[in-house]
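Trainee: Could you take me through one part of this structure closely, the place where the two chains meet? I'd like the rest of the model brought in afterwards, as context.

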Amino acid sequence: MYASGKYSSRGPALIPRMKTKHRIYYITLFSVVLLGLIATGMFQFWPHSIESAADWTLDKRSVHDAPLVRLSVSSLIPERGDLSCRMHTCFDVYRCGYNPKNRIKVYIYPLQKFVDELGVPISSTGLSREYNDLLSAISDSDFYTDDVTRACLFIPSIDVLNQNSLRIRETAQALAMLPRWDKGMNHLLFNMLPGGPPDYNTALDVPRDRVLLAGGGFSTWTYRQGYDVSIPVYSPLSADVELPERQPGPRRYFILSSQTAIHREYRAELERLKEENGEALLLLDKCSNLSQGAASARKRCFKGQIYDYPQILQAHWFWEAYFSSMKAIGLTTLQIINDRIYPYAARTYEQWNNPPVVKWSSVNSPLFLPLIPPRAPGFTAVVLTYDRVESLFRVITEISKVPSLAKLLVVWNNQNKSPPEESLWPKIGVPLKVVRTKENKLSNRFFPYDEIETEAVLAIDDDIIMLTSDELQFGYEVWREFPDRLVGYPGRLHLWDHEMGKWKYESEWTNEVSMVLTGAAFYHKYFSYVYTYKMPLDIKNWEYTHMNCEDIAMNFLVANITGKAPIKVTPRKKFKCPECTAIDGLSLDQTHMVERSECINKFASVFGTMPLKVVEHRADPVLYKDDFPEKLKSFPNIGSL
Amino acid sequence: MQAKKRYLTLFSAGACLILVFCFGGIQVPLARGPGRRDDRGVAGHRPGARWRHFPGSLQPFRRWEQDWSDDPDEHASPRGNRDANSGLYGGKRCRMDSCFNFTLCEKNGFKVYVYPQQKGEKMSESYQNILSSIEGSMFYTPDPGQACLFVLSLDTLDRDQLSPQYVHNLKAKVQSLHQWNGGRNHIIFNLYSGTWPDYTEDLGLDIGLAMLAKASISTENFRPGFDVSIPLFSKEHPRTGGERGYLKHNTIPPYRKYVLVFKGKRYLTGIGSDTRNALYHVHNSEDVVLLTTCKHGKDWQKHKDARCDRDNAEYDKYDYREMLYNSTFCLVPRGRRLGSFRFLEALQAACVPVMLSNGWELPFSEIIDWNTAAVIGDERLLLQVIPSTVRSIHQDKILSLRHQTQFLWEAYFNSVEKIVLTTLEIIQDRVLRHTSRSNLMWNSLPGGLFTLPQYSTYLGDFPFYYAKLGVKPYTKFTAIVHVVSPLVSQSQPVMKLLVAVAKSQYCAQVIVVWNCDKPLPAKHRWPVTSVPVIVIEGENKVISSRFLPYDTIPTDAVLSLDEDTVLSTTEVDFAFTVWLSFPDRIVGYPARSHFWDGSKERWGYTSKWTNDYSMVLTGAAIYHKYYHYLYTTYLPASLKSMVDQMSNCEDILMNFLVSSVSKLPPIKVTQKKQYKETMMGQSSRASRWADPDHFAQRQTCMNKFASWFGTMPLVHSQMRLDPVLFKDQVSILRKKYRDIERL
């Protein structure tokens, strides 16, 4: 405070001095701005011109135009490679950091041509066709970045796929010269043919510091668990061969050996097996009597007979997915590393290993644990109503007698009319809440309201007055045994109409059930949440415009997630009045039935499958219809129909 | 004048700005183009460096001429390589190939020998539990000549020299063991190694070629495919049975009161102190509660830092159990050692573990896919990543992570026995590699200990994976009729039963297990049926032979029948259609119940009509063939021989077994209660059911079985399944299973 006071007191004295200098000051200011302007202009225009020039030469460029880098004899050689390297010791995870996509960024060094002091290249092949393909595939993928500052993983463009074509020492020196080398940290090398005669090391012999190695042919001693990636040795043959579709049924050969360079010890063992097993075993080797040519790699022979290779091997989807091309190998490697860096977003074992057929037909419900939840928390009844207050009150009164009822939630779906005053509602022993909705949508009954604090939800229409307290309590007990299913009273069926060639909705009393209607059904609150947030939009719109079929949609949803059928409880088939026929007034309408059939067809097409499962059973109390004192039965009042 | 100058300046500055703007100089902050461009300049990045496919023909990376000219026989001999490996790769570089003698397992299978305990050797309770678990397992052999794996009777669990449990002179004692052989084919269990201050993983003995089953093992010391990482468990960890998982509810949304919690010691200095010292940065005392205390050890006051008093006060405010059970995620940071008790505690509490222990080889990492049950973090990213990662995990993922914690806890961790058996099964899978378990068998219900790959390596042969594979069980069954009385007349119940069962459209085959003392009757005396009837003489004529996994069972489903069971074709058909929906359970007619008899402090068995049931007897029940295999191989000889001696309780034992696998009740179908003629009529024929001793035996069985399982696996159900139109007032002609109503 004191200092600043002193300053301001000296302030006025400064102004005259400024006055004398202001001309120069302004000129300087002006020229600085002008200079800045020119500079920015240059920055703006130059890179553009350079880039377009690069684009222009793109088609004409070739590997021979790569800039030449001359290595000096004394240039640094990296250390051999640390066998104790693990992701947490040799990998700089800060470079990858947290990102919402959980995806690593991969940078590829521009191609350079390294030569020694005498001008001899470090590799006899230079950039190989396969490495070119690999790098191109990566640069076309989501992993790629051309911004070295954002990269988490660096891939040198120095091709080390085949150690035999490399000069080990010079290659190592070249690696160390890469601008971001930093002891090989976060650098990835692809090598398929490691080692050389006579002892054939199982990992690349090029000294490489902390490089992460994607290598073919690791042994368990050279492979660093969770750090290196073991990759297959790509066969250039597979690029230009169409493999035949796999035929179902047993195959001609039981065991096939088409490996050529087999040591005599193994060969002796294989031949012994062949003697024991005969035709089932086919041992192929190089063809000795073929005319010379590259095609010999594509042939295998057994006793003078020639077989096409690799057609003789059978294709498999694993091969298709992960081994068939350099692209597949490269991107699989990156995904594996990505999974290590973001393990919480890693692909699951099933995602990696299940063939598409299994992925399609299998189910994976997050509620997979066989739990029978305790009775005590009870269930929340959610009554959907529009304006039938009298009937609603009757339903409320009836439900309130169910011992396990925890709370009653009335979903008031009428925007034009307010619900009755609080004093008019029936007095019941559990909390009663009214939720008003913004729109008259049937799906409002499935919203996962915060007011629902129990797992179990009873969805019930405001005119279901026939269900007895015993029936409802029993329904809840059955739900506890099957908490991942729809457990309800009105059972329905879908049928295949052979004449029309499409699905048909059936509400007659049948021997089978594939749906239970949510006019009176228990289900887990999880499905409310899934219905609201994950139901295909197509189905939601359909159900909104037709004002129908929300219950069928729920049946599809649950069956699709769990792969299980719903459970119809008790013989109850009449719900609204004793005189009513089984099917209520609305459902009698023929057009309504047609519409519900349409719903089934529509939903089946959206889901891409028919998830509903047909069963022939319903759940009854253990002593139902037994000649046994009624008062000793837990659920005596199970209505007849 | 001054004003003019000011205007001029303002004008010139403005003009400059406009110019700059026009040329795009400050375009970037206003309308940011592809963000990379401006970063490039900063990094000295050369534009055009984007990798593009080089056109034109390039050489392939390998040339065939090169490979083909190579003579493979000039290479080192593979056998020579193998021998060299076993010499080269011992000790720290052991692998199964180089340090394990597979030939020992070839003759007798995977058998485990435990050295006899020597007098005067002190042994911790935990190690005793380990040894008795092995001795009670199906792997145990008392004959070292038959063994493929050897277990020391010297307590190696605690190798912390400062610990009172530390066994001295272990080195010499181990060397003097008869079968030691440099440690080959031995396994050493260890929970603690090394001591203050550096806590190295040194055991203080030369383990040579022996495998380690060790807690808190680091990836550096872990020999992949050779050692087994086991969880750290406490002295109180039960030998058998074990606590169930805590999860009972699936509340939606699945979030609990806290997002992330931790409560534990803080080490101010030394190894493993960094992570815990940094926790306070993330603590927010609302939904992320990470508490540490400095109050441990004798002279903590001497070392305490500025935060200690505040931390200690905060620490005392929260109850650990309360936090554990009310948090979605639980932090498991390393302590002095890599593993901590927090891990198992979190798993049991269904609190998804968030691992912060770099370099810890997680328990049973060889077979458990931990990403499905835990969040594996990096200590280096504690501050940047952990809170945001944990918050970003989707609800569905939380549910499935949580369920997986419970499954894994109950499948592999909740008792010493499970930990030990899992260890042995892992090694067995390595030894018998062609029949090892798949990842799915280990990582999905009911888990690897109940899924024996010797039965089949095809998942579709088990009752557990139909939904996972998207396949259905085979829609036929094999009836197995257990016969103990001789054939005397064509009208005796078994004859009627055979005819009725064989008439079922789902029946593939009937097998008669002939456990009668009389010789086999002539073929023509059996009724003529459309499906084959195979008669097998029971092995030793014991009752367990009805549950043998006969090769002649060609179906997934088995309909198990007593000789005097009365069942109609319709009833068989209906039960089978129900079973198709519940292939992992017992589905059948005769229901029974168990109860806890408080006055006698033991389990009771009742055949009275009750409102619930927990068993369906195998006198008339359908279940998966695999349970025959489990019954025969998984259950201990002691229980089976008890059943055989009494010729009783085999049905109860089967129910115990199936419920302990499925964790669910069996399913009773239809109203039918009496399923035997002897029960229906006033027949005075001698039946084992009328024998009061028979009933008393069953009470005894219940308690014997419960004690072997370590818990009561039976679960009650209150419902039965009837045909959809059962006893409905509609025309009988509309009903598919109309005969069921005629009782």
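Mentor: Here's a walk through the interface, followed by a look at each chain on its own.

Keep in mind from the start that this is a predicted model, so everything below is computed from it. Let's begin with who takes part: chain A puts 141 residues into the contact and chain B puts in 128. Together the two chains bury about 12600 Å² between them, and carbon and sulfur atoms account for 58% of that. If you wonder about the choice of number, the size of an interface is often given as the accessible area lost when the parts come together.

Now for the polar side of things. Between chain A and chain B there are 5 salt bridges. One of them brings the side chain of A:Glu616 to that of B:Lys736, with N and O 2.4 Å apart. In general terms, side chains of opposite charge can pair when their charged atoms come close. Casting the net over polar contacts, the rule gives 48 residue pairs across the interface of chain A and chain B, both partners being at pLDDT 80 or more.

Which element of chain A gives the most to the side that touches chain B? That's helix α1, residues 2–58, with 16 residues. Sort the side of chain A that touches chain B by class and you get 69 nonpolar, 40 charged and 32 polar residues.

The backbone joins in as well. Strand β22 of chain A (residues 617–621) pairs with strand β23 of chain B (residues 719–723); the sense is antiparallel, and 5 bridges hold the pairing. Within it, A:Asp620 sits opposite B:Arg720 of β23(B). So much for the contact itself.

On to chain B. An unreviewed UniProt entry lists residues 107–391 of chain B as "domain: Exostosin GT47". In the model, that span is 22% helix and 17% strand, and its end C-alpha atoms are 54 Å apart.

Chain B has an open sheet of 5 strands, paired in parallel, in the order β9-β8-β10-β11-β12. At its edges are β9 (288–293) and β12 (375–376), each pairing on one side only. Strand β8, residues 258–265 of chain B, runs parallel to β9(B) and is joined to it by 6 bridges. To find the register, look for B:Phe262, which stands opposite B:Leu290 in β9(B).

There's a cis peptide bond to check too: it links B:Ile252 to B:Pro253, with omega about -5°. B:Pro253 belongs to the loop between β7 (228–229) and β8 of chain B. Another cis bond links B:Leu445 to B:Pro446, and there omega is about 0°. The loop that holds B:Pro446 runs between α18 (439–443) and α19 (466–469) of chain B. For background, most residues other than glycine have a negative phi, and most peptide bonds are trans.

Another open sheet in chain B has 3 strands, in the order β19-β18-β20, and its pairing is antiparallel. Here β19 (602–606) and β20 (615–616) are the edge strands, pairing on one side only. Strand β18 (residues 591–597) of chain B is antiparallel to β19(B), with 5 bridges between them. One such pairing matches B:Ser593 with B:Thr606 in β19(B).

Back to chain A for a few local details. From an unreviewed UniProt entry comes a "coiled-coil region" at residues 256–283 of chain A. What does the model have there? Residues 256–283 of chain A come out as 50% helix and 18% strand, with the end C-alpha atoms 6 Å apart. I'd set the record's label and those values side by side and leave it there.

Salt bridges turn up again when you search the whole structure: 50 over all chains. One of interest is within chain A, where the side chains of A:Arg445 and A:Glu550 meet at 3.2 Å, N to O. A:Arg445 is in the loop between β14 (432–436) and β15 (456–461) of chain A, whereas A:Glu550 is in helix α14 (residues 550–562), so the pair ties together parts 105 residues apart in sequence.

Last stop: A:Met547. This residue is in the loop between α13 (537–546) and α14 of chain A. Its phi is near 50°, a positive value in a residue other than glycine.

Technical notes. Residues numbered from 1 in each chain as written. Chains lettered and ligands numbered in written order. Predicted model: local features only at pLDDT ≥ 70, side-chain atom pairs only at ≥ 80, totals over all residues. Heavy atoms only, no water. Contact = heavy atoms within 4.5 Å. Buried area = accessible area lost by both parts, 1.4 Å probe. Salt bridge = Lys/Arg side-chain N within 4 Å of Asp/Glu carboxyl O. Polar contact = N/O pair within 3.5 Å; in protein donor to acceptor, adjacent residues only side chain to side chain. Helix = DSSP H or I, 4+ residues; strand = E, 2+ residues; numbered from the N terminus. Nonpolar A, V, L, I, M, F, W, Y, C, P; charged D, E, K, R; others polar. Pairing = 2+ DSSP bridges. UniProt positions renumbered as here; feature names shortened; annotations may be inferred.
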